[in-house]
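I opened this notebook to keep track of what I looked up, one topic per entry.

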Amino acid sequence: MIGEMRSRNPAGRSGLFPNLFALANGLATFAESRLALFLKESKGAIAQLLVLAACLIAALLLIALGYVFLVATAIVAIAHAAGISWEWTALMAAGVHFLLALVCLLIARSRLTKRPYLETAAELKKDREWLKNLDQASRPTN
C-alpha cells in the first residue's frame, strides 16, 4: 500500500527546478501561441491600414483638386461679373490665399513660442531643490 501511493504533483515532477522548468515551458508556449495569433491578425490589420491610408490620400488629393477648380470658377465668375480681367482677379485671389497662409503661420508661431509642460517643469525643479536640500541636510557638519 505504501509503495502504491501516487505523487500529488499532477505534472509527475517533484522538486523546485523541474516545476520551474515546467512553468517556464508553459509560459513560453502561451507566449508563442499569442504571438502567432498576433502575427496572423496583424497581416490583416496592415492591409486594412494601407487601404485606409490610400483612401485618405486620395480623398485629400480630390479635395485639393476640387478646391482649385472652385477657386478657378470663382475667379472667372467674379471677373465676368465685375467686368475686369481674370488675371487681376486671379492675382487678388492669390493675395488673399497668401494673406490667410501668413495668418495661419503667425498663429502656429505663437503656439510654438509657448513652452509646453510648465507645471511639470516647475514640479521637477522643486524636486531637484528638495534633493539638494536633502543632500546638504544629511551631510555631517564637523
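**Entry 1: a charged pair**

I looked up lysine 126 and found that it forms a salt bridge with glutamate 123, with 3.4 Å between the closest N and O atoms. I note here that the model is a predicted one. Side chains of opposite charge can pair when their charged atoms come close. I then asked how many salt bridges the count comes to. The count comes to one.

Next I asked where the two partners sit in helix 3. Helix 3 covers residues 118-138, and lysine 126 and glutamate 123 are three residues apart in it, so about one helical turn separates them. I also checked accessibility for each partner. Lysine 126 has 52% relative accessibility and therefore counts as exposed. Glutamate 123 has 42%, so I put it down as partly exposed.

**Entry 2: the chain as a whole**

I listed the secondary structure and got three helices and zero strands. Along the sequence I read the pattern as α-α-α. The chain has 142 residues, and buried residues make up 4% of them. For the accessible surface of the chain I wrote down about 13,300 Å². Carbon and sulfur atoms account for 71% of that surface.

**Entry 3: a nonpolar patch**

I asked which residues make the nonpolar surface patch of about 560 Å². They are Leu16, Phe17, Leu20, Leu23 and Leu27. I looked up the place of one of them, leucine 23, and found it in helix 1, which runs over residues 16-82.

**Entry 4: threonine 89 and serine 85**

I turned to threonine 89, which I found in helix 2 (residues 86-113). Is threonine 89 buried or exposed? Its relative accessibility is 6%, and buried means under 20%, so threonine 89 counts as buried. I then listed what threonine 89 touches, leaving out residues up to four places away in sequence. The list reads Ile75, Ile78, Ala79 and Ile84.

I also looked at what the side chain of threonine 89 reaches, and noted the backbone oxygen of serine 85 at 3.2 Å. Serine 85 itself lies in the loop between helix 1 and helix 2. At 29% relative accessibility, serine 85 goes down as partly exposed. I compared serine 85 with isoleucine 75, which is also on the contact list of threonine 89. Serine 85 and isoleucine 75 are ten residues apart in sequence, and their C-alpha atoms are 9.7 Å apart in space.

**Entry 5: cysteines**

A disulfide is a covalent bond between the sulfur atoms of two cysteines. I asked how many disulfides a search of the whole structure finds. The search finds zero. I looked up accessibility for cysteine 55 and cysteine 104 too. Cysteine 55 is at 47% relative accessibility and so counts as partly exposed. Cysteine 104 is at 52%, and I entered it as exposed.

Definitions and conventions: Residues are numbered from 1 along each chain as its sequence is written. This is a predicted model: local features need pLDDT of at least 70, side-chain atom pairs count only at pLDDT 80 or more; totals for chains, interfaces and linings use all residues. Side-chain values use heavy atoms; hydrogens and water are left out. A salt bridge is a side-chain nitrogen of Lys or Arg within 4 Å of a carboxyl oxygen of Asp or Glu. Helices (H or I, at least four residues) and strands (E, at least two) are DSSP runs, numbered from the N terminus. Buried means under 20% relative accessible area, exposed over 50%, partly exposed in between (1.4 Å probe, protein chains only). Patches are made of residues with over 30% relative accessible area and no salt bridge: like charges are joined within 9 Å, nonpolar side chains (Val, Leu, Ile, Met, Phe, Trp, Tyr) within 5 Å. Accessible areas come from the Shrake-Rupley method with a 1.4 Å probe; for residues, only the protein chains shown count as cover. A polar contact is a pair of N or O atoms within 3.5 Å; within protein, one must be able to donate a hydrogen and the other to accept it, and residues adjacent in sequence count only if both atoms are side-chain atoms. Contact means heavy atoms within 4.5 Å. A disulfide is a pair of cysteine sulfur atoms within 2.5 Å.
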